[in-house]
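Biologist: Before we accept any label put on this model, I would like to hear the reasoning behind each one. Could you take me through it?

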Amino acid sequence: MFFMVRASYPVLLPNTQFPMKGDLSLKEPLILSWWKNIKLYDCIRALRKGRSLKVLADGPPYANGPIHLGHALNKILKDIVNRFNVIYGFDIDFVPGWDCHGLPIEAQIEKEYLKKGVKKREVSSHVLRTHCRDFAERWIEEQSVAMQRLGVLGKFDDLYSTMKSDFEACVVQALFELFQKDLIYQGTRPVLWSCVEQTALAEAEVEYKDITSLALYVKFPVCSSISDCGLNESRTSVLIWTTTPWSLPGNRAICYNFEFVYVLVEIEDEDSNLWKKGERIIIAQDRISCLESALGLKKYRIASVLTQDVLKKIFCHHPLNTLGYTFKVPLLPALHVTCDVGTGFVHTAPNHGPEDFLVGVKYHLEIPETILSDGTFSECAPGFTGKNMWKTDIAIKDALLQANTLGGYHEYLHSYPHSWRSKTPLCYRTTPQWFIRLDQEGKEGSLREKALHAIQEGKVSWHPKSSSLRLANMLRNRPDWCISRQRAWGIPLMFFVNKRNGACLNDSSIFQKLYERVQKEGVDFWFTDEPFLMFPELSPQDWYKVEDIMDVWLESGLTHRSVLKNRTTENFSLWPAWAYFEGSDQHRGWFQSSLLTGVALENRPPFQSVLTHGFLLDESGEKQSKSKGNGIDPVKFTNEHGADLLRLWVAHEDYEKDIRVGDEVFARVKDMYKKYRNTLRFMLGVLNGISVKDLLPIHQLDFLSRRVLYNLYHTHTELLTTLSLDQVTNSEFQGRCLNVQSFLKRVIQVCTDLSIFYLDVKKDTLYCDASDAFSRKQVLTTLLYCFIFLCKHLAPILPFTTEEAFSIFGKEVLGLGDLIDTPEWKKDLSLDAVELLSWFKKEGVLQEREYWSVHLQDIFSPSSCFKDWDGSTCSEHILGIRSQVTEILEIYRKNKEIKSSLDAKVYIDLMNEDGVIAGAYKDFYETILIELCMTSDLKIRWNQACRTVKVEVLNWNKCPRCWKRYSDIQESQICQRCHSVLMSENVC
Ligand SMILES: [Zn+2]
């Protein structure tokens, strides 16, 4: 600090080279390139070799465009966690990765072909795959640069990508293992199908959107004559309700539930467009109300109740019988039929739904392929062949009308599956696909049971806790995992199938040879004739190779194999990962696929803890998306305002919920940043030129300083406990998990506490007391610890700003460590000061090697004497009194009765209970409170009837140097303290 003139009297003011203005957009790139020069990530690893290892596994983003704010949020959160581990002395292993295969890239390349007039059929799969690869590579490069610009630390020079041959080989090997564990089978199943993308979609690629469909009531005329219950086939029909008219050509049955009562109803209304008087329908008794509400029928009577025996025997005509649907439609019992909507009868098209399919298999129904892969009707749909299924609703309605089988129609709003990527509606199609079996009983139960057990048995820490329930519910309800896709850009399902019996070849030596080949050169050869040349014993007359590629979720779900299990370090296993940390949508995606493959292959989940974060919304609560134009481009933002601002925003958000962003939010963040920067700047200015003579032993510090150090100690210990979360077991796990949210809050709280209470309160001491005053040394000693603590703890959040501050700290303060070698100093120092100077010494070594960085050395662990303090209860008590005082002072200030708190004297009455809490500190209360409340005088009366605070506005004269008011000074005269300070400093 330097003497500077304030109100014509010199005071000590902070002084540092650390500027007030951030200029982050200019400085950050320089710091970044310096980190690259010194290979910061490798340095960190080298310094922590042999320490406990924390692997945060990176869920791969998709390499098909620039990064968006969601990517930035995710990577910054992970980076904050990694960097906290680093400063707490753990070793980290962060390998960023990219998901490269799959539809979006292939579709993009096809679009480019289309623009150039090239037909996809004319392009060999090899050329197509090369184009896809180049495309993905370009985006990996761009995204990688952008993520590093955000300050994300990791092994970017050796990243993983799902299209590298070693990754592909690992996936192929895992595929063979799953197959040999009898977890993979080929079967026909209805799968959710995208007609636009022309492939089956994974659960995780499906999203539900509300759409309005044309819903129809359709009459299936009864064709069997059952005389004993008076059914007359020419006038009787079974009434069904459907929201997917396009599925009617595929109808082969009607399902009912034998738990419901079904009745024969005779219509008594006069003839209308759709209904004739005397017409009879069969419907569930509970659904009769729909006759009036949905069909407008007013007069009808229940003619009879139908028994199970009768229902069982009924056959109907297809409602489009006249168009060529000449088969008979049976009534079949099925438990999936409900009575909450519709008529109590469910039209069943075995091709178009999982339940329908099961009914079809059970009763040996025909399963016609009425809809082709591109969404047009096949030859099996007479009357509609060649038409687009999404555009035939009206045509089908008209055909029913023509055939007198339409009972009614209306618009219906419902939730319907859509492709996550193309946003187009999906349909169920039954096609030959490959599946991972979830339900077949093995020795230890089915995969589904094992995975559910793994979620619940307590080996994984879930944050938030509800996350495990969410995953379990999704897992409980999902169908078998369809892993095949009818596309080119991916890893092929490398199986040979026997043409005669459809059996899949199970030969370990062939699997091994394929694995080795993939490892050498990737999977491209599979798309040529090579596989048969490799294995002359397999004749193409008898065998075919599977051309399908695999679901990309299976690839990324195996990162734990390829990125963790397959790499080894000397001392530590990287598997299972310490943590997975992704957006909450990954319960359907990556968390689930990783869990299933982990349990299937290794019998446990591949992670010890799972953390989730929410999604981004704009300021009006809409989901951030580029197409809506409300997205904030993180690259542009970083280039204009700095990555540290973006990171500060992430740290301050309640990321477990959905997060709103927009200009207003970022304006607030800018203000916050200024506060952090000024706090660092103030401390640097105060500490500038501090010498070892300024260091006091901890036990000689004043009450407020002890309080600050006490809090540092506890924050440090808490964070260390949180991060130390290792192989958790059930009992240990209670109430203990990696809660990043709470630990960010802790750090922010320490920073705020410092700047609001301590720094503000101690300004009088720092500015006005003598440069060698004991009171100043108390503050300097405290602030030295605080600065190291704060700078290190803010480093994970603000890596650039703290690096800048720390380098200036090095220039202005670091010389302290040199003294440790002089024995005469050491003998005069307290133990805690020796610890501190040793830390400085280690830092000094790094500085000499010119790679001194805030991110390299471990945090200085607060000495245990920080915690040996009995004032914590009192300090809460005192703060309570203080806020009562400030509240009243604030009223005086608002009423313009005082300008600052120094214009006031405060009288405080305290009660008996207060005295009990104060205990041994009772005598210090006045001194502490006068400092805390920053008043010119303060008096306490103990043992009063109630607690009151009174304010007296002082008309005493004000010392022009320290601005305090005194009863015993003349106008413009400086006070006794200031006078003696100026005398001793010789600046009078
Ligand atoms: Zn003074």
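**From values to labels**

Modeller: In this predicted model, 78% of the contacts in the protein chain with a separation of 6 or more are made by residues 24 or more positions apart. The secondary structure of the chain comes to 32 helices and 35 strands, and the C-alpha trace spans about 120 × 75 × 55 Å along its principal axes.

Biologist: What makes Cys959, Cys962, Cys975 and Cys978 donors of the zinc ion?

Modeller: A sulfur atom counts as a donor if it lies within 2.8 Å of this metal, and the SG atoms of Cys959, Cys962, Cys975 and Cys978 are at 2.2 to 2.4 Å, so the four cysteines qualify as donor residues. Their spacing in sequence reads C-x2-C-x12-C-x2-C.

Biologist: Why is the site of the zinc ion called tetrahedral?

Modeller: Four donors earn that name if all angles lie between 85 and 135 degrees; the angles among the 4 donor atoms here are 102 to 116°, and therefore the site is tetrahedral. For comparison, the ideal angle for four tetrahedral donors is 109.5 degrees.

Biologist: How do you know whether Cys959 is buried or exposed, and what of Cys962?

Modeller: The label "buried" requires a relative accessible area under 20%. Cys959 has 0% and is therefore buried, while Cys962, at 4%, counts as buried because this value also falls under the cut-off.

Biologist: Why is Gln586 called buried, given its relative accessible area of 14%?

Modeller: Because 14% is under the limit of 20%, Gln586 is buried, although its place is in a loop, between β27 (579-583) and α17 (590-602). Setting aside residues up to four places away in sequence, Gln586 touches Trp553, Phe591 and Gln592.

Biologist: And what makes Ala215 a buried residue?

Modeller: Its relative accessibility is 0%, which is under 20%, so Ala215 counts as buried. Ala215 belongs to strand β10 (residues 206-221), and beyond its neighbours within four places in sequence it is in contact with Trp241, Thr242, Thr243, Gly408, Tyr409, His410 and Tyr412. From Ala215 to Asp393 the C-alpha to C-alpha distance is 9.2 Å, with their positions 178 residues apart in sequence.

Biologist: What share of the protein chain is buried?

Modeller: Of the 988 residues in the protein chain, 58% are buried. The chain exposes about 41800 Å², of which carbon and sulfur atoms supply 51%.

Definitions and conventions:
Residues numbered from 1 in each chain as written. Predicted model: local features only at pLDDT ≥ 70, side-chain atom pairs only at ≥ 80, totals over all residues. Heavy atoms only, no water. Donors = N, O, S within 2.8 Å, 3.2 Å for Na, K, Ca; no water. Tetrahedral: all angles 85-135°; square planar, octahedral: opposite > 155°, others 65-115°. Buried < 20%, exposed > 50% of the residue type's maximum accessible area, 1.4 Å probe, protein only. Helix = DSSP H or I, 4+ residues; strand = E, 2+ residues; numbered from the N terminus. Contact = heavy atoms within 4.5 Å. Areas by Shrake-Rupley, 256 points an atom, 1.4 Å probe, with all protein chains shown as cover.
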